[in-house]
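Work through the exercises below with the structure in view. Try each task before you read its solution.

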Amino acid sequence: MASRNYWKLQPATSALLLTNLALCQTPSLMVKAPVGVVVKKGATVEVKLTATLSEGFHLNSHTPTEDYLIPLTLKWEGPLDAVDVVYPKPQMETYSFDPKPLSVLTGQFPLVTKFKAPATASPGPVTLTGKVRYQACNNISCFAPKNVPVTLTVQILP
């Protein structure tokens with residue numbers, strides 16, 4: 001009869017496998033737009049997106065501390081004017097690949113945009129398309145920049 005311990009790994013082998021799995025993981029950023037956004041024509045409205053970065057990663061803030069790091073950005077296209085984008089306050093953290101503190105975001109954070117509806121806008125629903133650009137890193141290195149598309153529907157009232 002064969003031994004039932006053939007799946008048992010030695011502690012050193014287990015640690016090596018876990019380390020390799022951690023190095024193979026890639027970051028992901030999920031961005032959720034709210035529903036039911038309403039604005040009167042000629043008025044402004046603030047819209048809060050909720051961004052969630054996968055655990056174990058950080059991303060550069062919109063004001064990175066190093067020239068070689070790519071900043072977090074949010075850009076919009078559509079019939080409403082994006083008057084202002086408010087980024088969250090970053091944390092200053094130090095990582096093994098750079099002795100200077102870096103301006104970063106982790107976990108879940110808001111991205112707020114103030115939109116203005118033109119006074120001449122037709123009442124009804126409009127669709128805005130956005131793009132969140134970010135560069136994520138772990139404690140060892142940084143990954144290639146990525147873009148996350150965002151779609152937002154806004155109801156314009158008379």
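The exercises go from the whole chain to single residues, and the model they use is predicted.

**Exercise 1. Describe the overall make-up of the protein: its helices and strands, their order, and its burial.**

Solution.
- Step 1: count the elements. The protein has one helix and 12 strands.
- Step 2: read along the sequence. The pattern is α-β-β-β-β-β-β-β-β-β-β-β-β, with the helix at the start.
- Step 3: look at burial. Of the 158 residues, 33% are buried.
- Step 4: turn to the surface. About 9800 Å² is exposed, and carbon and sulfur atoms supply 58% of that area.
- Step 5: check the contacts. Take those between residues at least 6 apart in sequence: 72% of them join residues at least 24 apart.

**Exercise 2. Trace the open sheet that contains β2 and β5, and find its edges.**

Solution.
- Step 1: write the order. Four strands line up as β2-β12-β10-β5, and their pairing is mixed.
- Step 2: find the edges. β2 (37-40) and β5 (73-77) each pair on one side only.
- Step 3: add the twist. From one strand to the next it averages 35°.
- Step 4: inspect one pair. β5 and β10 (residues 124-134) run antiparallel and are joined by five bridges. Within this pair, Leu74 has Val132 in β10 as its bridge partner.

**Exercise 3. Trace the open sheet that contains β7 and β8, and follow its pairs.**

Solution.
- Step 1: write the order. It is β7-β8-β4-β11, with antiparallel pairing.
- Step 2: find the edges. They are β7 and β11 (136-137), each pairing on one side only.
- Step 3: take β7 with β8. Strand β7 (residues 91-95) pairs with β8 over four bridges, in the antiparallel sense. A hairpin of two residues links β7 to β8.
- Step 4: take β4 with β8. Strand β4 (residues 58-60) pairs with β8 over two bridges, again antiparallel. Here Asn60 stands opposite Val104, and Leu59 stands opposite Leu105.

**Exercise 4. Is Ser103 buried or exposed, and what does its side chain contact?**

Solution.
- Step 1: place the residue. Ser103 is in strand β8 (residues 98-105). Met92 stands opposite Ser103.
- Step 2: apply the cut-off. Buried means under 20% relative accessible area. Ser103 has 4%, so Ser103 is buried.
- Step 3: look for a polar partner. The side chain of Ser103 makes a polar contact with the side chain of Ser61, at 2.6 Å.
- Step 4: list the neighbours. Leaving out residues up to four places away in sequence, Ser103 touches Leu59, Asn60, Ser61, Thr63, Pro64, Thr65, Pro90, Gln91 and Met92.

**Exercise 5. Which members of the largest nonpolar core touch the most other members, and which elements feed this core?**

Solution.
- Step 1: recall the general trend. In soluble globular proteins, nonpolar side chains tend to be buried together.
- Step 2: name the central members. The core has 33 residues, and Leu29, Val132 and Leu152 touch the most other members.
- Step 3: list the sources. β1 (29-32), β2, β3 (44-53), β5, β9 (108-116), β10 and β12 (146-157) each give two or more residues.
- Step 4: look around Leu152. Beyond four places in sequence, its contacts include Ala33, Pro34, Val37, Val47, Trp76 and Phe115.
- Step 5: look along β1. Leu29 and Val31 point to one face and are buried, while Met30 and Lys32 point to the other and are not.
- Step 6: see how β1 pairs. Four bridges join β1 to β3, and the two run antiparallel. Thr52 in β3 is the bridge partner of Met30.

**Exercise 6. Classify Thr127 by accessibility and name its contacts.**

Solution.
- Step 1: place the residue. Thr127 lies in strand β10.
- Step 2: apply the cut-offs. Partly exposed is the class between buried, under 20%, and exposed, over 50%. Thr127 is at 46%, so Thr127 counts as partly exposed.
- Step 3: name the contacts. Not counting residues up to four places away in sequence, Thr127 touches Gly78, Pro79, Thr151, Leu152 and Thr153.
- Step 4: check a distance. Thr127 and Glu77 are 50 residues apart along the chain, and their C-alpha atoms are separated by 9.0 Å.

Terms used. Residues are numbered from 1 along each chain as its sequence is written. This is a predicted model: local features need pLDDT of at least 70, side-chain atom pairs count only at pLDDT 80 or more; totals for chains, interfaces and linings use all residues. Side-chain values use heavy atoms; hydrogens and water are left out. Two strands pair if DSSP finds at least two bridges between them. Axes are lines fitted to C-alpha atoms, for helices over the stretch in contact, and angles run from 0 to 180 degrees between N-to-C directions. Buried means under 20% relative accessible area, exposed over 50%, partly exposed in between (1.4 Å probe, protein chains only). Contact means heavy atoms within 4.5 Å. Accessible areas come from the Shrake-Rupley method with a 1.4 Å probe; for residues, only the protein chains shown count as cover. A polar contact is a pair of N or O atoms within 3.5 Å; within protein, one must be able to donate a hydrogen and the other to accept it, and residues adjacent in sequence count only if both atoms are side-chain atoms. A nonpolar core is a set of buried Ala, Val, Leu, Ile, Met, Phe, Trp, Tyr and Cys residues joined through side-chain atoms within 4.5 Å.
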